[in-house]
Amino acid sequence: ARMYIVAIEDGEYMSEKINFWDNVYGFKMSCLKEEAMKEPLVDIVQRDSVVSDSATIFSIDLYKVKVEDLDFESNFTVKVKHDDYVHAFVSFFDCVFSKCHTRV
């Protein structure tokens, strides 16, 4: 299995999830923006939001991995494809089940 990272531009999503705290039903709660930026989000990203190439940040053998192998750090570089904002980094993974009767 491999884990990848890409950069995305999504001003609308940023406004909805982060800038939302500037005016929460008429209340200024911008002090929570910093905390909101620390929290990971699980969501779907549209392909056209991706503004960089992908970089592999972690590879594991699913048949041999141990729990302690899953704590990792990774240096990475992504190349941005065109002049745009980078609002977030998104990680995703793939895995191949090669021991099945047909490769999945």
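## Lys-33 and the salt bridges

In this predicted model, Lys-33 has a relative accessible area of 22% and is therefore partly exposed. The side chain of Lys-33 joins that of Asp-22 in a salt bridge, with an N to O distance of 3.3 Å. Because Lys-33 belongs to helix H2 whereas Asp-22 sits in the loop between H1 and H2, the pair ties together parts that are 11 residues apart in sequence. Asp-22 is likewise partly exposed, its relative accessible area being 35%.

The count of salt bridges comes to 4. Among them is the pair formed by Asp-94 and Arg-2, whose closest N and O atoms are 2.9 Å apart. Asp-94 is in strand S3 and Arg-2 in strand S1 (residues 2-8), so this bridge ties together parts that lie 92 residues apart in sequence. With a relative accessible area of 26%, Asp-94 counts as partly exposed; Arg-2, at 39%, is also partly exposed.

Another of the salt bridges links Lys-17 with Glu-16, the closest N and O atoms being 3.8 Å apart. Lys-17 is partly exposed, with 33% relative accessible area. Glu-16 is partly exposed too, at 47%.

## Nonpolar core and Phe-58

The largest nonpolar core consists of 5 residues, namely Ile-5, Ala-55, Ile-57, Phe-58 and Val-78. Strand S2 (residues 55-59) supplies the largest share of this core, 3 residues.

Phe-58, a member of the core, also reaches residues distant from it in the chain. When neighbours within four places in sequence are set aside, Phe-58 contacts Ala-1, Arg-2, Met-3, Asp-69, Leu-70 and Phe-72. Two of these partners recur elsewhere in this report: Arg-2 takes part in the salt bridge with Asp-94, and Leu-70 belongs to a nonpolar patch on the surface.

## Ser-52, a buried loop residue

Ser-52 is located in the loop between helix H2 (33-38) and S2. Its relative accessibility is 2%, and Ser-52 therefore counts as buried, the cut-off for that class being under 20%.

A polar atom of the Ser-52 side chain lies 2.9 Å from the backbone nitrogen of Ala-7. Not counting residues up to four places away in sequence, Ser-52 touches Val-6, Ala-7, Val-78, Lys-79, Val-80 and Lys-81. Of these, Val-78 is also part of the largest nonpolar core.

## Tyr-25, an exposed loop residue

Tyr-25 occupies a position in the loop between helix H1 (11-17) and H2. At 75% relative accessibility, Tyr-25 counts as exposed, since that class begins over 50%. The backbone of Tyr-25 has a phi near 50 degrees, a positive value in a residue other than glycine.

## Nonpolar surface patch

A nonpolar patch on the surface is formed by Leu-62, Tyr-63, Val-65, Leu-70 and Phe-97, which together have about 440 Å² of accessible area. Within this patch, Val-65 lies in the loop between S2 and strand S3 (88-94). The relative accessible area of Val-65 is 31%, so this residue is partly exposed. Leu-70, another member of the patch, is among the residues in contact with Phe-58, itself a residue of the largest nonpolar core.

How values were computed. Residues numbered from 1 in each chain as written. Predicted model: local features only at pLDDT ≥ 70, side-chain atom pairs only at ≥ 80, totals over all residues. Heavy atoms only, no water. Core = buried A, V, L, I, M, F, W, Y, C linked by side-chain atoms within 4.5 Å. Buried < 20%, exposed > 50% of the residue type's maximum accessible area, 1.4 Å probe, protein only. Helix = DSSP H or I, 4+ residues; strand = E, 2+ residues; numbered from the N terminus. Contact = heavy atoms within 4.5 Å. Polar contact = N/O pair within 3.5 Å; in protein donor to acceptor, adjacent residues only side chain to side chain. Patch = residues over 30% accessible without salt bridge, like charges linked within 9 Å, V, L, I, M, F, W, Y side chains within 5 Å. Areas by Shrake-Rupley, 256 points an atom, 1.4 Å probe, with all protein chains shown as cover.
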